[in-house]
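Thanks for making the time this morning; I would like to walk you through one model, moving from a single residue outwards. Please keep the structure open while I talk.

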Amino acid sequence: MRTIRPLLAAVVAALAFASALLFSAAPASAHDVAESTAPANGATVAEVPASVSITFNNRPLAIGSGVSVTSGGENWADGPVEIIDSQAVQKLRAGAPAGEYTVVWRVVSSDSHPIEGTFKFTATAGSTTAASGSAAPSASASATSGSVPSAGTAPPGTVGSAPAADASQPFPWSIVVIAVVAVALVIFLAVTARRKLAGSDDENRPEAAE
């Protein structure tokens with residue numbers, strides 16, 4: 001009985017270590033996330049904005065980014081995506097009509113992993129923006145100028161921030177596999193040691209009886 005207790009203690013300690021490894025490593029391996037969009041997902045705006053933007057918790061990389069803004073089967077995105085601080089900003093072409101718009105975005109997060117998502121908004125009037133506009137404003141500038149509706153343009157972390165839809169974050173399955181293998185190895189060693197101790201006791205019993 002005395003030999004079994006240390007083995008059980010070792011198994012319990014291994015399980016605790018594996019659990020701590022899993023839950024502590026998962027947040028560290030998480031990718032960047034989209035905190036808000038402008039316009040907000042599902043919002044109805046007075047007119048088609050000059051640009052749409054997605055705000056992240058970290059600054060995304062300036063490579064591999066793409067945003068499509070479609071309505072009526074046509075993509076109204078104008079030029080490449082601009083990375084401004086923690087925002088991915090996509091300007092729209094002049095003459096975009098009223099209606100429902102679907103925004104599909106894809107960026108490379110600060111940890112070099114691609115993330116993507118989608119959101120929708122509806123414009124009750126077409127675009128009145130000139131074709132040769134200046135660079136798309138940031139979230140704070142948009143809120144004051146009115147070029148992008150206030151819905152979803154509040155600074156990240158405030159009540160007004162609208163969560164971006166369908167932002168993906170892969171679960172760190174590699175950590176789970178490592179934890180399971182570690183636990184299985186400890187259990188195997190414990191069972192093997194227990195059998196060896198039991199065999200050793202059986203061999204020593206006749207000598208003790210003599």
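**Serine 53 and its surroundings**

Let me begin with serine 53, which is buried, with a relative accessible area of 7%; buried here means under 20% relative accessible area, exposed means over 50%, and partly exposed lies in between, with a 1.4 Å probe and protein chains only. I should say at once that this is a predicted model, in which local features need pLDDT of at least 70 and side-chain atom pairs count only at pLDDT 80 or more, while totals for chains, interfaces and linings use all residues. Residues are numbered from 1 along each chain as its sequence is written, and side-chain values use heavy atoms, with hydrogens and water left out.

Serine 53 belongs to strand 3, where strands (E, at least two residues) are DSSP runs numbered from the N terminus. Leaving aside residues up to four places away in sequence, serine 53 touches Ser36, Thr37, Ala38, Gln87, Ala88, Val89 and Phe119, a contact being heavy atoms within 4.5 Å.

Which strand, then, is joined to strand 3 by five bridges? That is strand 7, and the two run antiparallel; strands count as paired if DSSP finds at least two bridges between them. Valine 52, for example, has glutamine 90 in strand 7 as its bridge partner. Strand 7 also runs antiparallel to strand 6 (residues 82–84), with three bridges between them, and these two strands form a hairpin with two residues in between, where aspartate 85 in the turn has a positive phi of about 55 degrees. Four of the five residues of strand 7 (residues 87–91) are buried, so this strand is largely enclosed by the rest of the structure.

Turning to the largest nonpolar core, we find 22 residues, of which Val52, Phe56, Val67, Tyr101 and Trp105 touch the most other members; such a core is a set of buried Ala, Val, Leu, Ile, Met, Phe, Trp, Tyr and Cys residues joined through side-chain atoms within 4.5 Å.

Finally, the charged pairs: the whole structure holds two salt bridges, each defined as a side-chain nitrogen of Lys or Arg within 4 Å of a carboxyl oxygen of Asp or Glu. In one of them, arginine 93 meets glutamate 74 at 2.9 Å, N to O. Arginine 93 sits in the loop between strand 7 and strand 8 and glutamate 74 in strand 5 (residues 74–75), so the pair ties together parts 19 residues apart in sequence. In the other, glutamate 116 and arginine 106 have their closest N and O atoms 3.2 Å apart.
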